[in-house]
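The following exercises ask the reader to work from a sequence and its coordinates. Each task is followed by a stepwise solution.

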Amino acid sequence: MNDFLAMSEEQWQVLIDSAPECPDLGHSDMKADEIREDISRRLATKEYSDDEIKALLMAEGFDKLHATKVDQMTGRCLKFAERLSDRFISGEKTMAYLWGIRGTGKTQIAARVGFRMRKASQGVGRRVLVSEYLKLLKASYNGNMEQKQTIRNLTLRMENAPLLVLDEFTEIRGNEFEQEELTRIVDKRYGKMVPTLIIGNDKPEDAMNILGPSIWSRLQENGGLIECDWESYRGAGK
Ligand SMILES: Nc1ncnc2c1ncn2[C@@H]1O[C@H](COP(=O)(O)OP(=O)(O)OP(=O)(O)O)[C@@H](O)[C@H]1O
Ligand SMILES: [Mg+2]
């Protein structure tokens with residue numbers, strides 16, 4: 001297995017920070033963002049086995065439960081995942097909102113999309129729990145330099161990841177602060193035409209209020225409202 005798979009967030013940052021001094025990467029005249037993209041591109045073109053891709057997904061915020069099941073999916077959920085992956089891979093679509101009741105496989109679809117995109121050499125997707133990210137961001141305002149740097153690195157990675165999955169956004173209230181922070185990230189990605197998948201339990205009319213008008217209009221332009229209207233895979237407990 002590649003060493004990269006065992007790298008922590010901090011080690012990844014060290015690699016990026018040290019890139020300008022590393023002669024074989026030839027980064028001397030590049031800015032941090034360009035270096036990051038260059039490294040991502042190099043990693044994206046590497047050949048990985050299916051198990052290694054699953055490990056990469058886990059390193060990028062997907063749970064083991066979802067990462068290990070990407071090749072065991074069945075039913076309509078799988079069909080949706082395949083269709084969405086194809087559209088993201090071809091560039092036909094760059095944003096989607098996936099919604100439905102709990103347990104319908106939304107996060108599982110996201111993991112499958114990440115898996116398929118990496119198989120198509122488009123890099124590894126990043127999954128972020130929206131409320132956790134916003135909590136960290138708020139805490140960093142009064143935090144030390146290290147905390148500020150950690151959140152800055154995470155934000156940069158969210159802006160640049162080949163696929164960003166904003167999961168469980170239903171947990172947030174959609175106040176001005178939350179909308180502004182998410183809009184800034186989504187807008188950057190929209191401009192770069194890299195795919196963003198937003199996941200929640202809310203119906204579109206409620207989601208619109210939480211996400212705010214800016215993200216919503218971009219979503220509508222992309223035509224990416226996908227309802228998971230089948231039964232929960234979690235069974236009677238739901
Ligand atoms: N197509 C599928 N085939 C088999 N199992 C699946 C499929 N889709 C999802 N599952 C399994 O069903 C369970 C629930 O899926 P998942 O966690 O993705 O639901 P969810 O819609 O994200 O729920 P929540 O809204 O609570 O976050 C998981 O164990 C997942 O691996
Ligand atoms: Mg989920």
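The exercises below concern a predicted model.

**Exercise 1. Confidence**

State what average pLDDT the protein chain has, and where the pLDDT is below 50.

*Solution.* Begin with the whole chain: the average pLDDT is 86, and 81% of the residues score at least 70. Then turn to the local value, which is below 50 over residues 19-26. In the model this stretch has eight contacts beyond near neighbours in sequence.

**Exercise 2. The sheet**

Determine the strand order of the five-stranded open sheet and identify its edge strands.

*Solution.* Step 1: the order reads β2-β3-β4-β1-β5, and the pairing is parallel. Step 2: β2 (126-129) and β5 (225-228) each pair on one side only, and are the edge strands. Step 3: neighbouring strands are turned against each other by 20 degrees on average, direction ignored. Step 4: take one pair, β3 (residues 164-167) and β4 (residues 196-200), which is joined in the parallel sense over three bridges. Here Val165 has Leu197 of β4 as its bridge partner. Step 5: add the helix α11 (residues 213-222), which lies across β1 (95-100) and β5 and runs at about 100 degrees to β1.

**Exercise 3. The shell around ligand 1**

Describe the residues that surround ligand 1 and the helices that supply at least two of them.

*Solution.* First, count the shell: 18 residues surround ligand 1, the closest being Cys77, Gly105, Lys106, Gln108 and Tyr233. Next, sort the shell by character, which gives five nonpolar, nine polar and four charged residues. Finally, assign helices: α4 (64-67), α5 (75-90) and α6 (106-119) each contribute at least two residues.

Definitions and conventions: Residues numbered from 1 in each chain as written. Chains lettered and ligands numbered in written order. Predicted model: local features only at pLDDT ≥ 70, side-chain atom pairs only at ≥ 80, totals over all residues. Near = placed C-beta within 6 Å. Helix = DSSP H or I, 4+ residues; strand = E, 2+ residues; numbered from the N terminus. Nonpolar A, V, L, I, M, F, W, Y, C, P; charged D, E, K, R; others polar. Pairing = 2+ DSSP bridges. Axes fitted to C-alpha atoms, helices over the stretch in contact; angles between N-to-C directions. Contact = placed C-beta atoms within 7 Å. pLDDT = per-residue confidence, 0-100.
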